[in-house]
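Got the viewer open? Take a few minutes to walk through this one with me, one selection at a time.

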Amino acid sequence: MRYRAASILGAAATLAACSASGESHPATLAQQANVADAPYPSTYKAYPGVPTALVGATIYDGAGGKIEGGRVLFADGKVVGVGGSDLAIPAGYQQIDGTGKFVTPGVIDIHSHLGDYASPSVDAHSDGNEMTSPTTPEVWAEHSVWPQDPGFTRALANGGVTSLQILPGSANLMGGRSVTLKNVPSRTVQGMKFPGAPYGFKMACGENPKRVYGAKGMAPSTRMGNFAVNRQTWIDAKQYADGPRTNRDLAKETLAGVLDGDILVHNHCYRADEMALVLDMAKEFGYKVSAFHHAVESYKIGDLLKAAGTCSAIWADWYGFKMESYDGIPENAALLQQQGACVVIHSDDENGIQRLNQEAAKAQADGRRIGIDIADAQVIGWFTLNPAKAMGIDAMTGSLTKGKMADVVLWNGNPLSVYSRPEKIWIDGALLYDYTDPKRRPVSDFELGQPGEGDVK
Amino acid sequence: MSPRKPLRTALARLSVLDGTILGKWELGKRGLVKRGLGRLLLAPLLLGALLSGALPNLAAAQDFAIINAKVAIGDGSEPIENGVVIVRGGKIAAAGPAGSGHDAKTADSFGVDTLYNARGAWVTPGIFAALTDLGLVDVGGVEESNDTSAQGSQFNAALDVARAINPAAQDIAVSRAGGVTRASTAPLAANSIFAGQGAIIDLGADRAAVVQPRAFQLVVLGEGGARLAGGSRMASKAALRNALREAAAFAKGAWKGDASLLTRADAAALGPVIQGKQKLYIHAERAADILSILAMGKEFPRLDMVLVSASEGWLVADEIAAARVPVIADALDDLPSSFEQLAATQSNIGRMVDAGVTVAIGGMSGIEQPRNSAQYAGNLVALNKVPRASGLSWGEALAAITSVPAAISGFAGKLGALTPGAAGDVVIWDGDPLELSSAPLQIFIDGVKQPLSNHQTRLRDRYQDLDESELPKAYDW
């Protein structure tokens, strides 16, 4: 029941997004119910927790707020209250002294392939790209996720990551559905699925699709080919969506979900000019791009991105590893923020996901050096509330707000310092990592009986 | 074009014109430059130097001193408050606390042309980035611009990166602006376990990058080498032993080309390796592979070996220490990325150092980027607060990206530390150099002040606003 209720919240959010682009889909609520009834439903259940008061820490709430010597209360898996030293602590709460420490919402990675490209990275674990057709809207990333990927445990213990979106790879123009997970170990992927999270849809522009399929002697082999294949696919999808939708067609069902506004588009794209074309393609077919991913040239079109309400999910400083990343600059995030566009720091990497806070701090400092001062409390939002918004889960998590999931990280210092690490991490109010307790850390099946089992990593 | 206020602000922190510093720092197209000779002429402190014709030259080594600095020598020691660094003739003349003979107040009294007042800013040796691909790549994924490996070549050990390095490469300019002043550049193994010969380079903005060509030979064992050698560790280890024997025969003039697997050029290239005149870098991850390499060191005692990567080194740290083989390791690898890295942990370096192994942070190439060396070093300091983890002290962490890689590369006392006689590679930072928020304000290599601009800074400058009301952005340069 909780699942269905949450998904209706999601529908309201997507309706709002559609009206912003001048479109409306009266059928959305009804169709959203269908999405809620989608197969492979989440079986995630929060683990038990005790009512807890974090006392005396510096609190960054993820939504731009900062409280020195503040208090965070949570119980029954939810945030109960956030405030200063005058916030009363109800009876029965365990108190944890946070003096000199910092509290943030759980870190959220909008771009991960954990489970789909699991460690060890052997060919048998290469499950992230269905590279057999330039458009594969029919595949779902969750059907590739290996919950035993040790990467999940590192993302938790070192990165404070409590939610993450697993995306198909970028070989295809349309790579398939993403899945949003709670970073709680489970025997099944269903046991990790974030209840009520909308699906995402992975698209990719630029070099990858044209290279992969051009090399096979088929379309697309050029950027214009990329657009032609995309547009024809959308035209066919619209025809399906406008019809009775009675014939099951996995690809078309996903595309129709995008056109309905129920499935959020996450578009891998590097170059500014190409992002501008994608924004027009989205207008042509009546969908919204929730976020451009990688987006190393977003700083050149912050105005367009702001107008479109599209986030840029970016690294702090990656550049130059491929032609379309040649103009990446470390000031990308700060310039976007200055231009009023939405910034998300992402990883796309099993190592980078352990340091999203550090990448954000570097990007903040690079901005400061060119005169763009962005407060620490806002920068925290780059890896908490902003990704939650772009993933459509911000009504449930992403900030320390009363009623939201108690996804909380207690850091042993300022998370924007290189010298800080997560000390304790709660997900839905359950303590799932505690660096003072050797056993309060997850160890995947794969690592049992291996050298280094249960090590600090 | 927006005014570049922030850099000027940064500038003010470092600045000058307080009676001890001469000249005026300004932001020029090449970064922070010193201008205003008129002021200099008015400044009595420099007058002597001017009269003697010792004008500061942007393109040549300056004799300079930096005072009021928080100085980190790079040798593992902790930083010194109120320190002084003196550079003469392109080399470090002295560095240490003021008051220990370095408390003079004028350029003349230091015997230099220029005095910089750091006003409390940090000063360190430049970063020495071990095992990079600097100078070999324009764009990683653009094959024709990437000289890191030579898959189709007939040669392997004979390959020599010194002949391919481009001193004007953007990655050199970008890394320089990040505080990297020296590096080793290595080829990637592509058609043999022998990747070829690496070089030591400087990142100065001039035409000569190579400091020492053919400084080391890189051989790849473990999973990667096994695949290259024919599909098994048996093959890679047989190939290595065979190559060393053929090279020994070649060196003795007993080489029979027809009966040898190596080409003449490769056999010749391995001569210095078997004589111990050229270092042999060996990439391995698994504890068992490391032990096997240490055993080979006993079989070929003249080999001057360096272990590379060694994710499971902590499991055999005592043995590595006893063999006195240094290690260049990845700082933050903590995943079982392969079956030879099952025990990988960020505590690897700390545990090896605790066991007495000499360990440098390295392998920062590609997306990891040499300019992030300081971030990785800082992460190892962070581990000290994590129960059961093993990190490095701040001083050890800085040394792991300065003097230690320099020493492993064969330049102990010559590079990577602010010790007398070492190269004048000096970085002035706007904060703790290992902290995420910090960046270089000024960089000297061999005493020569370096430009900090590059393709990235030019894009940054152009796009500080999106104003095209008068002309397209293409005219804003």
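What follows is a tour of a predicted model, one stop after another.

**Stop 1: colour chain A by confidence**

Start with chain A and colour by pLDDT. The mean for chain A is 93, and 92% of its residues reach 70 or more. Now select residues 1-34 of chain A, where pLDDT stays under 50. The model still has 53 contacts beyond four places in sequence for that stretch, but keep the low values in mind when you look at them.

**Stop 2: odd backbone spots in chain A**

Next, select Tyr40(A). Tyr40(A) sits in the loop between helix H2 (28-36) and strand E1 (52-60) of chain A. Its phi is positive, near 60 degrees, and this is a residue other than glycine. Is Tyr40(A) buried, exposed or partly exposed? Tyr40(A) has 13 C-beta neighbours inside 10 Å, so partly exposed is the label.

Jump to Asp76(A), in the loop between strand E2 (66-75) and strand E3 (78-83) of chain A. Here too phi is positive, about 55 degrees, although Asp76(A) is not a glycine. Asp76(A) has 12 other C-beta atoms within 10 Å and counts as exposed.

Now for two prolines. Show Ser119(A) and Pro120(A) as sticks: the peptide bond joining them is cis, with omega about -5 degrees. Pro120(A) belongs to the loop between strand E6 (107-112) and helix H3 (151-157) of chain A. Then go to Ala219(A) and Pro220(A), where the peptide bond is also cis, with omega near 0 degrees. For Pro220(A), the setting is the loop between helix H4 (207-214) and helix H5 (223-242) of chain A.

**Stop 3: an enclosed helix**

Select residues 250-260 of chain A, which make up helix H6. Nine of its 11 residues are buried, so the helix is largely enclosed by the rest of the structure. The buried set includes charged-looking names you may want to click on, among them Lys252(A), Glu253(A) and Asp260(A), along with others such as Leu255(A), Val258(A) and Leu259(A). Move on to Gly261(A), just after H6(A): its phi is positive, about 90 degrees.

**Stop 4: where the chains meet**

Bring up both chains and select the contacts between them. On the chain B side there are 49 residues, touching 51 residues of chain A. Which helices of chain B should you highlight? Pick helix H1 (5-14), helix H5 (170-177), helix H13 (373-382) and helix H16 (455-462), since each supplies at least two residues to the side of chain B that touches chain A. H13(B) gives the most, with five residues. Colour that side of chain B by class and you get 24 nonpolar, 16 polar and nine charged residues.

**Stop 5: two domains in chain B**

Hide chain A and give the domains of chain B two colours: domain 1 (5-125 + 439-462) and domain 2 (127-415), as the domain assignment has them. Across the boundary, 19 residues of domain 1 are in contact with 19 residues of domain 2. On the domain 1 side, strand E7 (122-125), strand E17 (440-445) and H16 of chain B each give two or more residues. E17(B) has the largest share, three residues. By class, this side of domain 1 has eight nonpolar, eight polar and three charged residues.

**Stop 6: a strand covered on both faces**

Stay in chain B and select strand E16 (residues 426-429). E16(B) pairs with E7(B) in the antiparallel sense over four bridges, and E16(B) also pairs with E17(B), again antiparallel and over four bridges. Val426(B) is a handy spot to see both pairings: Pro125(B) stands opposite Val426(B), and in E17(B) the bridge partner of Val426(B) is Phe444(B). In a regular strand, side chains alternate between the two faces of the sheet. Look at E16(B) with that in mind: Val426(B) and Ile428(B) are on one side, Val427(B) and Trp429(B) on the other, and all are buried.

**Stop 7: into the core**

Finish at Ile66(B). Not counting residues up to four places away in sequence, Ile66(B) touches Val84(B), Val85(B), Tyr116(B), Ala118(B), Val123(B) and Ile428(B), the last of these being part of the E16(B) strand you just left. Ile66(B) is also one of the residues that touch the most other members of the largest nonpolar core, which has 275 residues. The others to select are Ala65(B), Val85(B), Val123(B), Leu307(B) and Ala377(B). Domain 1 and domain 2 of chain B both give residues to this core, so it lies between them.

Technical notes. Residues numbered from 1 in each chain as written. Chains lettered and ligands numbered in written order. Predicted model: local features only at pLDDT ≥ 70, side-chain atom pairs only at ≥ 80, totals over all residues. Contact = placed C-beta atoms within 7 Å. Nonpolar A, V, L, I, M, F, W, Y, C, P; charged D, E, K, R; others polar. Core = buried A, V, L, I, M, F, W, Y, C linked by C-beta atoms within 7 Å. Buried ≥ 20, exposed ≤ 12 C-beta atoms within 10 Å, placed from the backbone. Domains from an automatic or database assignment. pLDDT = per-residue confidence, 0-100. Pairing = 2+ DSSP bridges.
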